[in-house]
Structure formats: structure tokens, C-alpha cells
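Hi there,

Here is the structure I promised to pass on to you. Have a look at it first, and then read on for my notes on charges, salt bridges and cysteines.

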Amino acid sequence: MNKKKKPFLGMPAPLGYVPGLGRGATGFTTRSDIGPARDANDPVDDRHAPPGKRTVGDQMKKNQAADDDDEDLNDTNYDEFNGYAGSLFSSGPYEKDDEEADAIYAALDKRMDERRKERREQREKEEIEKYRMERPKIQQQFSDLKRKLAEVTEEEWLSIPEVGDARNKRQRNPRYEKLTPVPDSFFAKHLQTGENHTSVDPRQTQFGGLNTPYPGGLNTPYPGGMTPGLMTPGTGELDMRKIGQARNTLMDMRLSQVSDSVSGQTVVDPKGYLTDLNSMIPTHGGDINDIKKARLLLKSVRETNPHHPPAWIASARLEEVTGKLQVARNLIMKGTEMCPKSEDVWLEAARLQPGDTAKAVVAQAVRHLPQSVRIYIRAAELETDIRAKKRVLRKALEHVPNSVRLWKAAVELEEPEDARIMLSRAVECCPTSVELWLALARLETYENARKVLNKARENIPTDRHIWITAAKLEEANGNTQMVEKIIDRAITSLRANGVEINREQWIQDAEECDRAGSVATCQAAVRAVIGIGIEEEDRKHTWMEDADSCVAHNALECARAIYAYALQVFPSKKSVWLRAAYFEKNHGTRESLEALLQRAVAHCPKAEVLWLMGAKSKWLAGDVPAARSILALAFQVFMKSVKLEWVQDNIRAAQDLCEEALRHYEDFPKLWMMKGQIEEQKEMMENAREAYNQGLKKCPHSTPLWLLLSRLEEKVGQLTRARAILEKSRLKNPKNPGLWLESVRLEYRAGLKNIANTLMAKALQECPNSGILWSEAIFLEARPQRRTKSVDALKKCEHDPHVLLAVAKLFWSQRKITKAREWFHRTVKIDSDLGDAWAFFYKFELQHGTEEQQEEVRKRCESAEPRHGELWCAVSKDIANWQKKIGDILRLVAGRIRNAF
């Protein structure tokens with residue numbers, strides 16, 4: 001080891017070592033630190049430097065610019081008021097305190113700006129308006145002229161000259177190139193020449209062209225067109241296909257040139273020019289790519305399995321859809337060769353081929369498939385002559401004698417006698433065909449038909465139609481006593497052969513018999529199956545539904561049979577008798593209704609409505625003695641007896657009957673009312689008052705009795721007594737809207753409107769949900785307040801018919817016709833039994849509606865048959881109107897209405 005060598009030589013310097021720091025040799029820069037000196041144009045070391053940085057001079061300029069960006073703290077840049085031009089602290093760190101200070105200054109600036117904002121914006125707006133007034137836009141300058149354009153007529157507009165064209169005449173009126181198509185004879189002539197001529201024949205110039213001195217003309221020694229030059233060998237063939245392609249190419253070029261004009265406007269539309277070609281392409285509704293894919297797939301299927309009939313059929317139909325009918329025909333004929341035993345392929349081929357060819361195809365198909373019924377049927381359809389059709393079908397029956405379809409098609413073409421003979425043979429070949437047996441039975445005589453049906457039952461013991469046909473046959477020939485036996489035997493025989501009796505099917509067959517006029521068969525079938533498969537507790541409900549279903553299907557005899565059977569099972573059911581009576585009333589005769597009602601009152605003597613229906617039927621028929629006798633038998637209908645005598649003006653008899661009825665039913669208020677009204681009619685006011693008072697003792701809660709007594713006192717001028725009677729009635733019958741309403745009206749009729757309003761307020765407090773009170777309260781108000789009152793009424797009684805009627809009348813009084821009609825419709829829809837609503841509605845249509853609308857309201861009212869309503873009952877229960885119908889009563893009530901609301 002060399003001791004003179006320093007141990008640190010060759011070792012890396014320690015961390016933080018600075019050479020010369022220990023001896024103070026720092027603070028100067030040598031050439032080794034900054035590199036060698038360079039010219040400004042010398043390139044930099046970076047070979048890929050961007051432009052502007054590739055020379056030393058460029059780098060020096062960049063460094064100098066960076067130094068200029070530093071702060072300039074020279075005294076020359078200092079101002080006593082503004083300070084330095086730059087920021088003294090831009091190079092310092094931006095801390096949180098600086099951010100808060102900037103936010104405060106920004107808030108102050110914003111606040112100060114808001115204080116001056118309104119004044120500044122106003123000043124800017126004024127300056128803009130002043131500027132626009134001094135220098136208006138061109139659009140504003142011509143605005144008055146634009147408005148005057150509305151006054152320009154069409155003739156003036158058309159007379160405005162067009163803007164002149166500054167181009168020269170050749171540019172304005174371009175002369176289009178004229179093309180004359182060359183005839184095909186020209187090409188044919190020059191194809192045979194085979195050579196080109198670039199000069200004129202000197203002999204033509206010598207002899208003046210065709211004016212040669214030779215008299216033979218074309219037969220000269222120089223025969224012109226027959227010269228050897230024109231007879232040069234050539235192909236002599238004219239390829240018209242290439243000529244057509246060339247023409248198409250030329251046309252394509254012309255269209256492309258026209259459509260690619262610089263101005264963007266074309267003289268010829270290439271698409272429109274070829275529009276006619278699109279009509280030649282069939283619309284198949286699919287993409288061409290999809291058709292190609294389908295064609296390839298089907299081709300693959302045909303090649304993979306050439307004996308698969310659906311592949312050939314699908315391929316042919318695809319080509320047919322795309323418009324290639326001949327290709328489709330070729331494919332399907334190829335399919336018949338590959339699948340000669342396929343019925344579908346032959347039928348498809350016959351469909352695609354034209355008439356005579358289709359016949360040949362079918363004939364070929366018959367040779368391959370002599371047992372195919374469908375092919376024979378198709379062959380018959382292709383024939384246009386009836387004789388030819390018969391010949392084809394008879395030939396088919398020779399090969400397929402057991403085909404029901406062929407027999408039916410052949411029989412349809414024959415006359416009745418020939419058809420009967422053919423059917424005789426048909427049932428032998430097809431003994432299990434019910435249709436053939438029944439057709440033969442219809443063509444045979446009565447005796448032969450019975451034999452035919454007997455044979456049919458032997459061959460087909462499980463079909464119900466044969467039995468039903470046998471029953472209809474007996475009924476048609478007058479043996480109605482056999483109908484019931486045949487139907488019963490049918491049920492027994494079918495059950496013995498394991499056939500389940502389906503009552504719905506039998507009822508449907510009975511409905512068909514009803515429509516065919518076989519009433520006895522229909523009723524017998526209903527009686528035989530009506531009780532099958534029904535639980536005992538469900539019988540009544542099910543039978544009533546069956547009857548309604550038959551009525552809906554217009555099978556009235558079936559419904560009548562169902563009601564008759566139900567009445568045998570339930571003879572004491574009032575509801576069943578009522579349903580049957582209403583059925584006879586709507587769909588039967590008066591005699592059938594009266595006969596049914598006689599049986600009904602015998603089984604249900606306490607059913608009041610049945611007695612009344614019977615009496616009313618006699619009464620409407622004009623048989624008053626019969627109606628009187630019916631009512632005499634009913635102890636529950638004394639009132640109707642009294643009314644009958646009353647309307648007949650037999651006042652004494654009516655009074656006697658009323659007294660007798662009151663001895664039995666003294667707590668029946670209507671009898672007391674009738675007694676008092678009869679006395680009122682006779683002007684016996686004291687007797688009427690006594691009758692009403694006696695009735696109120698027995699029936700103190702009868703509102704109509706209280707009203708009649710009050711109106712009687714008002715009628716005779718005893719207003720105070722009438723008011724007292726109503727107060728007494730309200731004490732005995734609290735919260736009674738009818739009594740409160742009468743009290744209000746009493747005061748109103750007396751002219752005491754303030755008292756009437758006070759009573760109405762009390763009434764609404766006691767009966768806040770009474771629609772009849774709210775409807776009266778609306779019209780007690782002055783006209784400006786009625787709308788508000790109607791809103792309150794609707795809130796309390798939204799679905800009350802009286803309130804809805806009042807709102808409709810309110811709109812009517814305000815001449816709001818559409819809304820009034822709408823509210824009238826709502827009223828009669830909610831309560832069609834309110835006669836007053838119908839009367840007001842009809843009156844409204846009489847004034848504001850058409851004849852069709854008036855007639856519609858009248859018909860709807862007659863269909864609804866209303867029975868209630870204050871005005872309605874006053875007219876309908878008037879003795880003078882006892883024979884009036886609903887439509888007549890509607891007119892009478894509407895006539896009494898006055899537009900005083």
C-alpha cells in the first residue's frame with residue numbers, strides 16, 4: 001500500500017460538499033460552469049427544439065423576456081399617489097388572510113356598484129334609445145313600407161318587374177345541345193361496310209354525284225353502293241344488346257352531369273326521371289338483404305333435404321312475393337318432381353299456375369294422389385262449367401266414396417230429386433255423417449223421413465241432433481203429442497250410450513228450434529234439461545238468468561217455457577210470478593198476461609201488485625166492470641177501487657167504498673187523503689177539514705195529510721190557522737224537510753219574504769243536508785247571491801237531484817245554454833224517477849233545443865216512467881188525467897212551468 005496516496009481519492013464526495021468552500025474560493029463563475037462562448041446564430045443542443053427556440057439568440061430573448069416579467073422597483077416607476085405600477089407583493093405567497101381581504105374588498109365593490117347600478121342602467125338605456133333614434137336600423141326605416149305591403153293587390157304584386165340580369169346574352173340564354181337519336185339502320189349499314197372513308201370519291205365529283213351520265217342509274221358500271229369498297233368483308237351482325245347498354249351508359253352520364261351543376265340547381269331530377277321504373281318492382285315490404293338471406297337459407301334447405309315439401313312451398317312463395325312469378329312456378333314444379341306424394345306442394349303448384357296449366361297440374365296430381373280429397377275439390381273449383389264440376393266430383397267419388405266433403409260438394413250442385421238419390425248413396429258410404437242423414441231426411445217425404453231418421457239413430461246413437469230433428473219432423477206434421485215422448489226418449493237413450501247431457505247445449509238447440517218456428521220442440525227440450533246439473537238452492541236464480549239470456553237472444557218461447565217450469569216448481573213465489581208477468585207484459589199479448597195474472601192471484605192472493613196489474617190490464621183495455629170485479633176480490637186494494645169509482649165520476653160509490661175501507665184500515669193515510677180530496681172536489685170544505693183532522697189523529701206522522709190540511713186552510717183564507725197547523729206538524733215531526741219547505745212557501749206566497757228567509761235559515765239549521773230545502777233557498781236569494789248559494793248547496797248535497805235541478809235552472813236563467821243542458825243530463829241520470837226534472841228538461845229543450853233533442857228527452861222520459869215530483873204528481877194524480885200516458889203528462893207539466901226563476 002502506497003502511503004503517499006490520499007485515501008479519499010477516487011471516492012464519491014460526501015453529501016453537501018462544495019469544492020473550495022473551506023478556503024473561501026466561492027462566489028465566482030468559470031467558463032466550465034457556463035460552457036463555451038457561442039454566437040447568437042449557433043444552434044442549440046436540442047435537435048428537436050420547436051421553431052423560435054432553435055438558436056442561441058432565441059434562447060437569450062426568451063430569458064430576457066422572463067426577466068422583464070419580474071417586478072420593476074425602480075424609482076422611475078414610482079408615483080407619489082398611486083405607488084408602483086406593479087404589485088409589490090405579487091411574488092409573495094397568497095395566504096388565507098389575503099383571500100379574506102380580497103373577499104371584503106370584492107363585497108365593498110359590489111355594494112358600491114349596486115348603489116349606482118339603477119342610475120347607470122337608466123343612463124345606458126337613455127343613451128341606447130338616443131343612439132337608435134339618431135341611427136335607426138334599415139329594418140326600422142322600412143317598417144312603414146312593410147305595413148303598406150298589406151294593401152298591395154295581387155295584380156300589382158304580379159306587375160312588379162323582375163330584377164335584371166347583368167350577365168351577357170349567351171350566359172342568360174344558354175343554348176342547350178340538341179341530340180337526335182341515331183336510327184338502328186345507320187348502325188346496321190355501317191357494320192356491313194367494314195371500312196372508313198375520309199375523302200370523296202373522285203368519280204362522284206367527276207359525274208356530279210348521283211347524276212351520272214349513265215341512264216341505268218344504280219345499274220351503271222360504277223354501281224355506287226355496290227362498289228367493292230362498300231362490300232368489304234365484315235361481321236354483318238348487329239349486336240342490339242351492346243347498343244342498348246351504350247345508350248344506358250350515355251343516359252347515365254348525361255343525368256350525372258346535369259345533377260352535378262355548380263349552382264346546385266338541376267334541370268332534370270334523376271330520381272324523378274326513373275320513377276316509373278319503381279312501379280315495375282313489386283313491393284314486398286322487406287329489405288333486399290333479408291330476401292337474399294332468405295333465398296340462400298331456403299336454397300340450403302332444398303339442397304340438404306330435397307324431399308321436404310315446406311321448403312319448396314316457402315321458396316316459391318318468396319319468389320312470388322318478390323315479383324318473380326315465373327321463378328316461383330319453376331321452383332314449385334321442381335318441388336312436385338321431388339315430392340310427388342305431397343298434397344300441399346301440388347295444391348301450391350295449381351294455385352301459382354294459370355288456368356289451363358293449373359288443370360294439367362291437378363290432373364298430374366290426381367295420378368300421383370288418387371285418394372286426395374283436397375286435390376279433387378281444387379280440380380272442381382278450377383272448372384267453370386257446372387257439368388264439368390259434376391263430372392270431376394263424380395269421378396272423385398269413385399276413388400274416395402267415403403268422403404263427406406266430396407258428397408256435400410256434389411249434392412250442392414244437383415237438383416232436389418237427384419240430390420235425394422245421391423244422398424241415399426251417400427249415407428250408405430258415410431253412415432256416421434249426421435249432416436248427410438239430416439239432409440236426406442229433409443228431402444224425403446214424412447214416412448220416408450221417419451225411416452231415414454230411425455236408421456240414422458241406429459248408426460249414430462250418440463248424436464242429439466237426430467232426435468231433435470225427429471221431434472221437429474213430428475211437430476211439423478201435427479203430431480205434437482209425440483214431441484215430448486221423442487225428447488224424453490232422447491235423454492234416456494243418450495244417457496244409456498254414455499253421453500253426458502249438457503244443459504247449455506240443449507238450451508242453445510232449443511233457441512235454434514224457437515227461431516225455426518218449432519215451438520213445441522223448443523219447450524219440450526227446455527223442460528227436459530232445465531233442471532239437470534243445478535243445485536236445489538240455485539235453481540231459482542239460475543232459471544231466471546236462463547230466461548233473461550233467452551230474451552236477450554230473442555228466443556221468447558224458450559223464456560216462456562223456463563218461466564212456466566219455474567212456476568210449477570215455485571208456485572207461491574211472488575217474485576217469479578212478477579218476472580213472468582213483466583215478461584208477458586213486454587213480449588206477450590194482453591190475453592196471455594191476464595191468464596197468467598189470474599193464476600198468479602190464485603197462488604199468491606196477498607200479492608197486492610199482482611191484483612193491481614190484473615185490474616190495470618182490464619182497465620186499459622176498456623173493460624171497467626172486469627177491472628171492478630178483480631179489485632173487489634182483493635181486500636188489500638180498497639184504495640184502487642175507490643180511485644176507479646172516482647175517475648168514473650161515481651162519487652157516491654167512491655165515498656161508500658172509502659168508508660168501508662176505513663173501517664178495515666183506519667190507519668191507512670191514503671184513504672183519509674182520498675176522502676178529504678173527494679169532499680174538496682164537492683166544495684164541502686168542512687167535511688174535508690174533518691176528514692183530514694180525523695186522519696191526522698190516526699196518522700199523525702203522515703206529511704201529505706198535514707200539507708193537505710194546511711193548504712185547505714190557506715185556500716179558504718185562514719192563513720193564521722194554516723201557519724199554526726204547520727208549526728204543530730213540525731213539533732210532531734221534527735227535522736222534516738217537507739214541512740219546513742211548506743212553511744217557507746206559505747210565508748212567501750203571503751208576501752212575507754223576510755219571514756220566509758228567516759224560516760229557511762232555521763230549516764237549514766235543522767235539516768242541513770236536505771236537497772229540497774237548498775234548492776228552494778237558492779231562488780229565495782237575490783240574483784247576484786244565487787251563485788254563491790248554489791256553491792254552498794253543492795257542498796252540502798253534491799248528489800241530490802233537487803240541488804242539481806236547481807243549478808240547471810240557475811244556468812238556464814243566466815242564458816248559459818250548454819251548461820244548463822249538461823246539468824239537466826246529470827239530474828235525470830242521478831234520479832230518473834223525478835218527474836219534475838224531466839218536465840223542466842223538456843221545457844228547456846222546447847225553448848232552446850232542436851226537434852231531435854226534444855224528441856230524445858220525451859223518449860227517455862217515457863222509458864224511465866217517473867212517478868215522483870211535486871209538479872209531476874200534481875198533474876199525474878189529477879182525476880182528469882187518469883188516462884194520460886207519460887208523454888202526455890210530460891207535456892202538461894212542461895206547459896205549467898213558467899220561467900219565473
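Glu-100 sits in helix H3, which covers residues 96-134. Please keep in mind that this is a predicted model. With a relative accessible area of 43%, Glu-100 is partly exposed. Glu-100 also belongs to a negatively charged patch on the surface, together with Glu-95, Asp-97, Asp-98, Glu-99 and Asp-102. A residue must have over 30% relative accessible area and no salt bridge to be part of such a patch, and the 43% of Glu-100 satisfies the first of these conditions.

Helix H3 also holds a pair of opposite charges: Lys-117 and Glu-121 lie 4 residues apart there, so about one helical turn separates them. Their side chains form a salt bridge, with an N to O distance of 4.0 Å. That value is right at the cut-off, as the nitrogen has to be within 4 Å of a carboxyl oxygen, so do treat this pair with that in mind. Both ends are partly exposed: Lys-117 has 39% relative accessibility, and Glu-121 has 42%.

How many salt bridges does the whole structure contain? The search finds 38. One of them joins the side chains of Arg-527 and Glu-484, at 2.7 Å from N to O. Arg-527 belongs to helix H27 (residues 519-529) and Glu-484 to helix H25 (residues 480-496), so this contact ties together parts of the chain that are 43 residues apart in sequence. Here, too, the partners are partly exposed, with a relative accessible area of 32% for Arg-527 and 28% for Glu-484.

Another salt bridge brings together the side chains of Glu-781 and Lys-789, at 3.8 Å from N to O. Glu-781 is partly exposed, at 28% relative accessible area. Elsewhere, Arg-317, Glu-320, Glu-348 and Arg-351 are joined into one network by salt bridges that share partners.

Now to the cysteines. A disulfide is a covalent bond that links the sulfur atoms of two cysteines. How many disulfides does the model have? The count is 0, on the rule that the two sulfur atoms must be within 2.5 Å. As for individual cysteines, are Cys-699 and Cys-797 buried or exposed? Cys-699 is buried, with a relative accessible area of 9%, and Cys-797 is buried as well, with 6%.

Happy to talk any of this through whenever you like.

Best wishes

Terms used: Residues are numbered from 1 along each chain as its sequence is written. This is a predicted model: local features need pLDDT of at least 70, side-chain atom pairs count only at pLDDT 80 or more; totals for chains, interfaces and linings use all residues. Side-chain values use heavy atoms; hydrogens and water are left out. Patches are made of residues with over 30% relative accessible area and no salt bridge: like charges are joined within 9 Å, nonpolar side chains (Val, Leu, Ile, Met, Phe, Trp, Tyr) within 5 Å. Accessible areas come from the Shrake-Rupley method with a 1.4 Å probe; for residues, only the protein chains shown count as cover. Lys and Arg count as positive and Asp and Glu as negative; His and the chain ends are not counted. The place of a charge is taken as NZ of Lys, CZ of Arg, CG of Asp or CD of Glu. Helices (H or I, at least four residues) and strands (E, at least two) are DSSP runs, numbered from the N terminus. Buried means under 20% relative accessible area, exposed over 50%, partly exposed in between (1.4 Å probe, protein chains only).
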